[in-house]
Amino acid sequence: MQYTILIIDDEKNIREGLAAALELEDYTVALAADGKAGLERIQKGDIDLVITDLRMPKISGEQVLAKIAAENPGIPVIVLTGHGSIDSAVDAMRNGAYDFLTKPLNLDQLILIVKRALQGRELALKHKELQEELNSRKSFESIIGKSAEMQRIFETVRKAASSKASVLITGESGVGKELIANALHNLSPRHENPMIKVHCAALSESLLESELFGHEKGAFTGALARKRGRFELAHKGTIFLDEIGEIDQNVQIKILRVLQDKRFERVGGEETVEVDVRLITATNRDLEKEVAEGRFREDLYYRLNVVHIHVPPLRERRDDIPLLITAFLQEFAKENGKNIEGIDARARAALYKFDWPGNIRQLRNCLESAVVMCSGSVIKLEDLPPTIAGNAEADSIAVPAGITMAEAEKIIIRQNLAINKGNKSKTADILGIGRKTLHRKLDEYAEEDGNAT
Ligand SMILES: Nc1ncnc2c1ncn2[C@@H]1O[C@H](COP(=O)(O)OP(=O)(O)OP(=O)(O)O)[C@@H](O)[C@H]1O
Ligand SMILES: [Mg+2]
């Protein structure tokens, strides 16, 4: 994709220097000598990124930034600040700038920032597209996923749904195993009959046994009446045993017998109960390992695993993240009665990069909280929980190759300061240096910058 970058600066030298450097990288460049001309140029609608000076005649860089943030929040803005004006840079970041650079400019660093911002921009542009996609294609049984991995899973679900074969669904916590179990039932010929769910880890051994198979009156203390078990309740339908890896050997044998003989006895009873049940199981354990280590019966494992669906963690199918973001934003905006138009480039990039150990559940919770925290109509980096926002920021410090330690230190210190919104004590703590050292270094940098211009 060919990107167009608008440079707004009243200094001709800077405009042209930047233009030359960006054109070398194959970007199309547009120039404006002041804020007013710059804003007019943006109206044309083909600008993907803006680099603007802060101090300019007529309309200042701050005003340009405010206007873009309000009218074109998807366009990342990189601000250029003069020497010693870290405060205005920090303000600009707070007001939605993507990043800042101090003059004299380090062009390599600029190019890196531009590249990263445009990656985020590309994702942002997709938001609209994604919303349309979500609306038109809908999702598969309310499971969202366009990645090749999820498409394969949908295909397996479609095929397996019509059969009675047992399905084992594996994957980390929060990947959507239960949604897949629901889809298998809903698309099956049994969908008008019950789907009964049992969370095996939540029940003790004896309770689980009577939950699953029921009990006769007087079977144990407290068994005041006959109770039908979940297998009986699921007759002609589906039973979903979640966390199957947690059940002990005694219950494993009984389940094996239901699968083999389609019959069982209630706890404390003689009568044989016959059932026609489709079994779906799920676990986030490695069942093969459990079998190898003797904790899970091998014969049962093979019976459960007739069809195996492994759901990969979200970090291995990041292609699904944009569509999930769109869907969850829509859902929570509606739920909270808020008008959320989208998510800015930095926040989107942070969500895209995060590793999501809690998978989709965690992404969903994160977006719910972001919608609640968001005070405008666009989700920003600071609306995200700190673990996620902070992770993105840590990633976003670019230190170009070929510079001295002193120069690298300067970049690291200044960018950390901006990330921490100008909070010097916090920055010093994070960097593991004393506050006095930090102050001294900042003064030195201001002086260096002053000498250089
Ligand atoms: N592909 C998806 N599209 C939309 N929502 C999803 C998707 N995958 C998961 N979710 C949502 O994420 C949450 C967790 O999903 P689910 O309960 O199915 O995960 P799980 O794999 O069963 O997790 P656990 O092992 O912790 O039980 C739910 O709110 C679910 O609606
Ligand atoms: Mg689950």
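Two strands count as paired if DSSP finds at least two bridges between them, with strands (E, at least two residues) and helices (H or I, at least four) taken as DSSP runs numbered from the N terminus. This is a predicted model, where local features need pLDDT of at least 70 and side-chain atom pairs count only at pLDDT 80 or more, while totals for chains, interfaces and linings use all residues. Residues are numbered from 1 along each chain as its sequence is written, and side-chain values use heavy atoms, leaving out hydrogens and water.

On that footing, five strands make an open sheet in the order 2-1-3-4-5, with parallel pairing. Strand 2 (28-32) and strand 5 (99-102) sit at the edges with a single partner strand each, so one side of each has no neighbour in the sheet. Inside the sheet, strand 1 (residues 4-8) runs parallel to strand 3 (residues 49-53) over four bridges, and Ile8 stands opposite Thr52 in strand 3. Helix 1 (residues 12-24) packs on the sheet, touching (heavy atoms within 4.5 Å) strand 1, strand 2, strand 3 and strand 4 (77-81). Its direction makes about 170° with that of strand 2, angles running from 0 to 180 degrees between N-to-C directions of lines fitted to C-alpha atoms, for helices over the stretch in contact.

As for the nonpolar cores (buried Ala, Val, Leu, Ile, Met, Phe, Trp, Tyr and Cys joined through side-chain atoms within 4.5 Å; buried is under 20% relative accessible area, 1.4 Å probe, protein chains only), the largest has 31 residues, and Leu351, Trp356, Leu363, Ile379 and Leu384 touch the most other members. Helix 13 (321-335) is among the elements giving two or more residues to this core, and its nine are the largest share.

Methods
Chains lettered and ligands numbered in written order. Buried < 20%, exposed > 50% of the residue type's maximum accessible area, 1.4 Å probe, protein only.
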